[in-house]
Amino acid sequence: EPRAPPRAPAAGHMMGGVDAYPSFEDWNGKSAGVDPALKAANAAYETEVHFQKCYGVMAELFEVHNYLTDVIPSTGFRFLDLGCAPGGFSSFLLNDPRCQAGFGVTLPSTSGGFPMRLRNPHFLLQQGDLFEIGVSDLIASDVHVLICDAQYLRNNISWDERYRGVRCRSKQHGVWALLIKQFWLGLSRLLTGGILIFRFGWRDPGPEDPATIWYKKMTLRLFSLLYDLFDSVKEIKSDYFNALQSSFYVCCMNFSAERFAAREVAKLLGASFNYLVTTPIQDSNELDIMPQVDKIRTQEVDQQISDMLERINRLRLVHEQSRRRHEEQQARQEDPRAVVFLRPPPPGMTDEALASAFGVYGRVKRVERKRALEVTVHFERADHARIAATELRRSRAFGEDVRLWTTEETAPGEAPPGFRGSVAASAGGGAGSDTGDGGPAQDMQGHDSGGGGRGRLRGRKAVGSAPTAQPCNGGVPRPRRKAAQWAPKATPNAQLAGQQEWRRVSDVAPPASGD
């Protein structure tokens, strides 16, 4: 039985979780012309998702390794989290009763780093660019657990598209330079018997690919060094988080600080970092990183590393095949309730931009347009469609003139589900007002938007809110002549605030006065 992934508790010290980082790259690349408030809300949501992912990954890692009971000192532990924002890893460790204190380093959000969502009296945060911080600049004391999970940022995958940190010649220059710099800083603070946890990536497109050949050669060198410094090196590929991605985590246990010093590994890592950030070589496939490690490499260790990479690649392929089958099944079984309607279409937003905006609330299957009158956003799940409509109405993300509703609700100016009759609007309706005399149409704020228009529901009449309610569009509520046969009641689900269900009433008291 698959277990539900662990989730971070709503701790009091939280303010407000690979590739484990949120898909800012996808969002920012399609966000031209998107409302800034909607964009900020999306970024905040993605940050929370990233926080929860990191918390869950660390919980899963601890569970796999029996909560590190054999390697963590009985007196407790301290940790250093490099690239710690938004704080999911650190939050999990601080919740461990064995934790004494924690240190974190992150790029300030003003320079493009992700916002920090963790505040704790036992956690000391240092803001700075890891590319520029030296070993002597670290405020962290010696630690028992080291986490290296910083990401090499660029404009398209930084907070609010504003990366102002150090830039390298290529992505591979930057990724390898940052990983080596984290090892240089962190291992210099790691105590004997300590634990290293870091994120790595591997995808094998084939043995003939030049980039893969180069990448694997550098990987064999890096992991051979780790095998030399630690007693145990084990990979962890999560079944819950980013199962389809090339990333995975590595847990190295029982660090030898004596061997680290004797082999002058700090000097090796520092020289390799400086080489990557200063080299004039443009083609990353021509880089030669840490060639000195070849002296300690063995065929046995190389085979262990190759076997590990093959296991990671097989797991990823299995997850891809599973996802593909799942998507095919879902495509054959669409839920008619999982649709959000927008009328009129938000001006200036493409289908891709709409899919990105709604994608923060669930998986969007497609976006369809009905000429220039209406847009429908199809979700995989009905509950995601409900939440998206409710939240976007509340935030007024698309402006005051765009109406949102789901198939379970009623479109502006239409009768409730099951009501027989047509909608007719008279010429006196006024701009922005809904037809119908107080029907279930909801505006962006979730208020009843009937009453301002002068239309009628032919057949049985419908009543909206109480006669004293003020319409949202500035009109004057008109008293009713007689009782109606339909009346709204509040939806019991607080998450779907602003929606209405309809019930038949046998006797609704008429207003005190008529037209």
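Trainee: Why is Gly83 called buried?

Mentor: In this predicted model, Gly83 has a relative accessibility of 14%. Buried means under 20%, so Gly83 counts as buried. Gly83 is placed in the loop between strand 1 and helix 3.

Trainee: How far apart are Gly83 and Leu130 in sequence and in space?

Mentor: They are 47 residues apart in sequence, and their C-alpha atoms are 8.2 Å apart in space.

Trainee: What makes the peptide bond between Ala85 and Pro86 a cis bond?

Mentor: The bond that joins Ala85 and Pro86 is cis, with omega at about 5°. Pro86 is found in the loop between strand 1 (77–82) and helix 3 (88–94). A cis peptide bond also joins Arg343 and Pro344, where omega is about -10°. Pro344 lies in the loop between strand 8 (339–343) and helix 9 (351–359). As a general point, most peptide bonds are trans.

Trainee: Why is Thr106 called buried, and which residues does Thr106 touch?

Mentor: The relative accessible area of Thr106 is 7%; the cut-off for buried is under 20%, so Thr106 is buried. Thr106 is placed in strand 2 (residues 99–106). Leaving out residues up to four places away in sequence, Thr106 touches Cys84, Ala85, Phe114, Leu125, Gln126, Gln127 and Gly128.

Trainee: What is noted about the phi of Met290, and is Met290 buried or exposed?

Mentor: Met290 is not a glycine, and its phi is positive, about 50°. In general, most residues other than glycine have a negative phi. At 2% relative accessibility, set against a limit of under 20%, Met290 counts as buried. Met290 lies in the loop between helix 7 and helix 8 (299–332).

Trainee: Which value of phi does Glu264 have, and where is Glu264 placed?

Mentor: Glu264, a residue other than glycine, has a positive phi near 55°. Glu264 is in the loop between helix 6 (257–262) and helix 7 (265–278).

Trainee: How do you know that strand 9 and strand 10 pair?

Mentor: Pairing requires at least two bridges. Strand 9 (residues 364–370) and strand 10 (residues 374–379) are joined over six bridges, in the antiparallel sense, so the requirement is met. Val364 stands opposite Phe379 in strand 10. The hairpin has three residues between the strands, and Arg371 in this hairpin takes a positive phi near 50°.

Trainee: Why is helix 4 described as largely enclosed by the rest of the structure?

Mentor: Of the 17 residues of helix 4, 13 are buried, so the helix is largely enclosed. Helix 4 (residues 171–187) reaches 24 Å from its first C-alpha to its last, close to the 24 Å expected at 1.5 Å a residue.

Trainee: Which residues touch the most other members of the largest nonpolar core?

Mentor: They are Phe183, Leu187, Phe198 and Phe230, in a core of 58 residues. Helix 5 (residues 210–229) contributes the largest share of this core, nine residues.

Trainee: What makes a residue a contact of Phe198, and which residues are its contacts?

Mentor: Contact requires heavy atoms within 4.5 Å. Apart from neighbours within four places in sequence, Phe198 is in contact with Cys148, Leu179, Phe183, Phe223, Leu226, Phe248, Tyr249, Val250 and Cys252. A second, separate core has 30 residues, including Met58, Leu68, Phe123 and Cys251.

Terms used
Residues are numbered from 1 along each chain as its sequence is written. This is a predicted model: local features need pLDDT of at least 70, side-chain atom pairs count only at pLDDT 80 or more; totals for chains, interfaces and linings use all residues. Side-chain values use heavy atoms; hydrogens and water are left out. Helices (H or I, at least four residues) and strands (E, at least two) are DSSP runs, numbered from the N terminus. Buried means under 20% relative accessible area, exposed over 50%, partly exposed in between (1.4 Å probe, protein chains only). The expected span of a helix is 1.5 Å times one less than its number of residues. A nonpolar core is a set of buried Ala, Val, Leu, Ile, Met, Phe, Trp, Tyr and Cys residues joined through side-chain atoms within 4.5 Å.
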